[in-house]
Amino acid sequence: MRAMNAAPAPLLRSLVTGTPPYSALQSEVQAAARTLFPRMSERRHMLDVFTNAQIERRALSRPLAWYLEPHGFAEKNGVFLEEARALIVRLAREALDKAELAPADVDAVVVVNTSGLSTPSLDAYLIGALGLNPHAARLPVWGLGCAGGASGLARAADLVRAGFKRVLYVAVELCSLTLVKGDESKSNFVGTALFADGGAALVVTAPDVPGPRPLLALHGGFSTLIEDSEDIMGWDVVDDGLKVRFSRDIPTLVNSMMQENVAQALAAQGWARDDVQTFVVHPGGVKVVAAYEQALGLPDGTLDSSRAVLREYGNMSSATVLFVLEEVLRSRPQGRGLLSAMGPGFSAEHVLLDFGGGEA
């Protein structure tokens with residue numbers, strides 16, 4: 001069954017990703033954990049978290065030695081503003097160039113982040129730094145965590161459907177700055193083994209906007225907020241910054257709900273499970289990826305693009321699923337796809353994709 005949409009689907013014209021200037025091997029971060037968390041590190045099985053994460057390298061906003069010293073919320077957020085602004089300007093400029101758009105042509109700007117605070121919001125800075133249209137609609141999205149990359153893509157497409165023909169969408173996360181030195185809670189320890197920094201910039205346009213061959217078409221989003229689940233994932237605000245909170249039950253939750261949730265997302269667009277050949281999934285962790293495969297009955301290895309991004313970049317919150325999309329696009333997929341991510345709320349976000357260039 002095909003959805004009866006009167007208007008042609010919005011098109012993704014460009015996608016670029018990038019990271020801050022510093023990086024560290026996972027083995028180096030594991031060694032640093034002995035200094036950061038001396039009590040937890042005495043428990044051998046806790047240090048195994050770094051190996052079990054199956055991450056090889058991660059980008060950071062500061063040299064690794066910087067994280068071995070205490071830093072307050074104000075200092076961390078200052079670093080966030082400095083590095084996030086530099087990164088989004090670079091990526092947005094490249095995305096516009098690839099989409100063959102001048103900055104003044106942009107009708108709307110969407111910026112997603114959760115790992116730092118900025119008022120005025122980052123989209124305002126981006127407009128001034130790049131010389132974007134000062135009358136562009138602005139949509140800053142904060143607090144969706146790992147789900148934000150999917151939700152932001154859906155909102156960018158919604159803006160195109162609403163008449164804003166050229167939308168610039170940026171996601172940026174500097175999750176390493178949420179590390180709380182000396183906090184020996186399990187969540188903070190595990191976050192140190194997973195979290196990394198990175199960003200992505202995309203251009204979404206109406207089909208009648210001239211430009212390069214589209215990467216894919218966007219056929220709608222689907223959101224789910226799970227009742228009484230706010231304790232599963234989020235931030236606690238402490239004197240030293242944003243302290244991660246998440247539950248070990250996330251893979252179990254994915255396994256129990258995702259089959260039905262994906263079926264609902266597809267049915268809302270008039271699609272069936274058999275219509276979808278490609279899955280673009282946020283790799284919250286290796287167990288989450290495996291749970292997604294199991295819940296949907298996917299053959300082992302179906303989500304290896306998610307595993308590759310996790311291995312090479314770590315978990316960059318909202319931006320990560322856009323790195324996975326870039327990885328998937330390298331294989332030149334055809335047919336229909338589904339982009340999925342889960343985040344604080346607890347919530348699930350899905351975006352329906354057509355890799356055929358927009359054909360219905």
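Strands in this account are DSSP runs of E of at least two residues, numbered from the N terminus, and helices are DSSP runs of H or I of at least four residues. The structure is a predicted model. By that assignment, Ser347 sits in strand β13, which covers residues 347–354.

**Ser347 and Cys146**

Ser347 has a relative accessible area of 6%, so the residue is buried, the cut-off for that class being under 20%. Its side chain reaches the backbone oxygen of Pro344 at a distance of 3.1 Å. Beyond its neighbours within four places in sequence, Ser347 is in contact with Ala147, Thr224, Leu225, Ala341 and Met342.

Cys146 carries the annotation "active site" in an unreviewed UniProt entry. Such annotations may be inferred rather than shown by experiment. In the model, Cys146 is placed in the loop between strand β5 (137–142) and helix α6 (148–161). Its relative accessibility is 9%, and Cys146 therefore counts as buried. With neighbours within four places in sequence left aside, the contacts of Cys146 are His282, Asn315, Ser317, Ser318, Ala341, Met342, Gly343 and Pro344.

The two residues can be read together through their contacts. Ala341 and Met342 appear in the contact list of Ser347 and also in that of Cys146. Pro344, whose backbone oxygen is reached by the side chain of Ser347, is in contact with Cys146 as well.

**The annotated domain**

The unreviewed UniProt entry also places a feature, "domain: Chalcone/stilbene synthase N-terminal", at residues 82–206. In the model this span is 39% helix and 24% strand, and its end C-alpha atoms lie 33 Å apart.

**Cavities and a pocket**

Rolling a probe the size of a water molecule over the atoms shows where empty space is left. The count of cavities of 30 Å³ or more comes to two. The table gives their volumes and the second largest pocket's volume, with the make-up of each lining.

| Space | Volume | Nonpolar lining residues | Polar lining residues | Charged lining residues |
|---|---|---|---|---|
| Largest cavity | about 180 Å³ | eight | five | one |
| Second largest cavity | about 50 Å³ | four | five | one |
| Second largest pocket | about 350 Å³ | five | three | four |

The largest cavity has a volume of about 180 Å³ and is lined by 14 residues, with Arg58, Ser176, Leu179, Thr192 and Phe195 nearest its centre. Strand β3 (57–60) and helix α7 (186–194) are the elements that give two or more residues to this lining. The largest share, three residues, comes from α7.

The second largest cavity is lined by Phe73, Lys76, Asn77, Phe80, Ser115, Gly116, Leu177, Thr178, Gly241 and Leu242. Here the elements that give two or more residues are helix α4 (73–98) and strand β10 (241–246). Helix α4 gives the most to the lining of this cavity, with four residues.

The second largest pocket is an open space, as a pocket is defined here. Its lining is made of 12 residues, and those nearest its centre are Arg213, Pro214, Leu215, Leu329 and Arg332. Four residues of this lining are charged.

Terms used:
Residues numbered from 1 in each chain as written. Predicted model: local features only at pLDDT ≥ 70, side-chain atom pairs only at ≥ 80, totals over all residues. Heavy atoms only, no water. 1 Å grid on protein atoms, 1.4 Å probe; cavity = no way out; pocket = protein on both sides within 12 Å on 5 of 7 lines; lining within 4 Å. Points joined across faces, edges and corners; volume = space filled by probe spheres on them. Nonpolar A, V, L, I, M, F, W, Y, C, P; charged D, E, K, R; others polar. Buried < 20%, exposed > 50% of the residue type's maximum accessible area, 1.4 Å probe, protein only. Polar contact = N/O pair within 3.5 Å; in protein donor to acceptor, adjacent residues only side chain to side chain. Contact = heavy atoms within 4.5 Å.
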